[in-house]
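Let's sit down with a structure and learn to read it together. Have a look at it first.

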Amino acid sequence: MTKWFLVALVALAASAGDALQTLGMKLHGEIHDFRPRALGRVAARLVRSWHLGLSLILLAISFGAFLVLLSVADLSFAVPATAVEYICTTVLARYLLREKVNWRRWAGAGLVACGVVLLAL
């Protein structure tokens, strides 16, 4: 496996996992009751959520791919390169979750993209 394939796998799996985790929690709604019994009911409901289940699988894939990436690439490459995840997450937040992303967040994602391009050269 090439290191760029692993970078893409880390970034895409983590971004999709984060987006599904957010979607699952937004569908659940805000937690207001923090007594032990109420938290148990919340946990039981969240365990049955396919959004959260799939997000855990995707985040585990991302973590595993990152470990493999560390075995074939330097840390000084792996961590900055996988920052492309921030761009993917911003795009998913805007178009999948329908979040309002202001120009500052887009500019930040663009700066991250510039950094990843510098690593590729």
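What follows is a chat between a learner and a teacher about some features of this structure.

Q: Before we start, what kind of model is this, and how are residues numbered?
A: It's a predicted model: local features need pLDDT of at least 70, side-chain atom pairs count only at pLDDT 80 or more, and totals for chains, interfaces and linings use all residues. Residues are numbered from 1 along each chain as its sequence is written, and side-chain values use heavy atoms, leaving out hydrogens and water.

Q: Where in the chain is confidence lowest, and where is it highest?
A: pLDDT is the predictor's confidence in each residue, from 0 to 100. Where it is low, the predicted coordinates should not be read in detail. Here the chain averages 91, and 99% of the residues score at least 70. Helix H2 (residues 36–47) has the lowest confidence, with a mean of 87, while helix H3 (residues 50–72) has the highest, at 95.

Q: How many helices and strands are there?
A: Helices (H or I, at least four residues) and strands (E, at least two) are DSSP runs, numbered from the N terminus. This chain has 6 helices and 0 strands. Its C-alpha atoms fill a box of roughly 55 × 35 × 20 Å along the principal axes.

Q: How do I read the length of a helix, say H6?
A: Compare its reach with the expected span, which is 1.5 Å times one less than its number of residues. H6 (residues 103–120) has 18 residues and reaches 26 Å from its first C-alpha to its last, close to the 26 Å expected. Asn102 caps the N-terminal end of H6, with a side-chain oxygen 3.1 Å from the backbone nitrogen of Arg104.

Q: How do I describe a pair of aromatic rings, and which residues pair up here?
A: You give the distance of the centres and the angle of the planes. Rings of Phe, Tyr and Trp (its six-membered ring) pair if their centres lie within 6.5 Å; planes under 30 degrees apart count as stacked, over 60 as edge-to-face and the rest as tilted. The structure holds 1 such pair. Trp4 and Phe77 meet edge-to-face, 5.1 Å centre to centre with 90° between the planes. Trp4 is in helix H1 (residues 3–28) and Phe77 in helix H4 (residues 75–81), so the pair links parts of the chain 73 residues apart.

Q: Are those two residues buried or exposed?
A: Buried means under 20% relative accessible area, exposed over 50%, and partly exposed in between (1.4 Å probe, protein chains only). Phe77 is buried because its relative accessibility is 11%, while Trp4 is partly exposed at 34%.

Q: What sits over the ring of Phe77?
A: The charged end of Lys3 does, 4.6 Å from the ring centre. A charge sits over a ring if NZ of Lys or CZ of Arg is within 6 Å of the ring centre and within 35 degrees of the ring normal.

Q: What does Thr82 touch?
A: Contact means heavy atoms within 4.5 Å. Not counting residues up to four places away in sequence, Thr82 touches Val7, Val10, Phe66 and Leu69. Thr82 lies in the loop between H4 and helix H5 (84–95), and it counts as buried because its relative accessible area is 10%.

Q: Which sign does phi have at Arg98?
A: Most residues other than glycine have a negative phi. Arg98 has a positive phi of about 60° although it is not a glycine. Arg98 is found in the loop between H5 and H6 and is exposed, with a relative accessible area of 62%.

Terms used
Polar contact = N/O pair within 3.5 Å; in protein donor to acceptor, adjacent residues only side chain to side chain.
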